[in-house]
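Okay, thanks for coming, everyone. I'd like to walk you through a structure that's new to most of you, so let's get it up on the screen.

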Amino acid sequence: AWQMKRKEILERDKYCQRCWLKFGIVSCDHLEVHHIKPLTKYWDERLNNNNLICLCRACHRWCDQSNNGNLDFEFTPKEIVYNFEFK
């Protein structure tokens, strides 16, 4: 279930949301999926789209090691659009 959810979030966000929203940089290198609410306290939220965000490896490490797992910017998850067609 996690591998499928991870792929879904990578497709939803497409690039590091911290690099984009905080610094205005589009970073697609070494993307990882971060749990906004920590798994140790919110296990039931582990596959919830609203609890997942795409971060580059550097930002993921920064959040986990320097900011206690917390984001330092506002984030609202985008909806995933399936079967989009131009009219």
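**Starting from a cysteine**

Let's begin with C56, which is buried, at a relative accessible area of 7%. Before I go further, please keep in mind that this is a predicted model.

So, how far is the sulfur of C56 from the closest cysteine sulfur? That closest one belongs to C59, and the distance is 3.7 Å, which is too far for a bond, because a disulfide needs the two sulfurs within 2.5 Å. There's a similar story at C16. Its closest cysteine sulfur is in C19, 3.6 Å away, and again that's too far for a bond. C16 is buried as well, with a relative accessible area of 0%. And if you search the whole structure for disulfides, you find zero.

Now let me step back to the overall layout. The protein has three helices and two strands. Starting at the N terminus, the order is α-α-β-β-α. There are 87 residues, and 30% of them are buried. The accessible surface is about 6300 Å², with 50% of that belonging to carbon and sulfur atoms. As for how the chain meets itself, take the contacts between residues at least 6 apart in sequence: 63% of those join residues at least 24 apart.

Okay, on to the inside. Which residues make up the largest nonpolar core? There are eleven, and the cysteines I started with are among them: C16, C19, C56 and C59. The others are L31, I53, C54, L55, C63, F73 and F75. Strand β2, residues 52-56, and helix α3, residues 57-66, each supply at least two residues of this core. The largest share, four residues, comes from β2.

Let's pick one core member and look around it. F75 belongs to that core, and if we skip anything up to four places away in sequence, F75 touches R12, D13, Q17, L21, I36, L52 and I53.

Two of those, L52 and I53, also turn up around another residue, I9. You'll find I9 in helix α1, which covers residues 2-13. Is I9 buried or exposed? It's buried, with a relative accessible area of 0%. Leaving out neighbours within four places in sequence, the contacts of I9 are K14, V33, N49, L52, I53 and C54. One more distance while we're here: I9 and L47 are 38 residues apart in sequence, and their C-alpha atoms are 10.0 Å apart in space.

Last topic, the rings. How many aromatic pairs does a search of the whole structure find? Just one. That's Y15 with W20: the ring centres are 6.0 Å apart and the planes are at 75°, so we call the pair edge-to-face. Y15 is partly exposed, at 21% relative accessible area, and W20 is partly exposed too, at 38%.

There are also charged side chains sitting over rings. R18 lies over the face of W62, 4.1 Å from the ring centre. Then there's K37, whose charged end sits over the ring of Y42, at 5.4 Å from the centre.

If you take one thing back to your desk, maybe go and find C56 and C59 on the screen: they sit in the largest nonpolar core, with their sulfurs 3.7 Å apart. Okay, that's me done, over to you.

Definitions and conventions
Residues are numbered from 1 along each chain as its sequence is written. This is a predicted model: local features need pLDDT of at least 70, side-chain atom pairs count only at pLDDT 80 or more; totals for chains, interfaces and linings use all residues. Side-chain values use heavy atoms; hydrogens and water are left out. Buried means under 20% relative accessible area, exposed over 50%, partly exposed in between (1.4 Å probe, protein chains only). Contact means heavy atoms within 4.5 Å. Accessible areas come from the Shrake-Rupley method with a 1.4 Å probe; for residues, only the protein chains shown count as cover. A nonpolar core is a set of buried Ala, Val, Leu, Ile, Met, Phe, Trp, Tyr and Cys residues joined through side-chain atoms within 4.5 Å. Rings of Phe, Tyr and Trp (its six-membered ring) pair if their centres lie within 6.5 Å; planes under 30 degrees apart count as stacked, over 60 as edge-to-face and the rest as tilted. A charge sits over a ring if NZ of Lys or CZ of Arg is within 6 Å of the ring centre and within 35 degrees of the ring normal.
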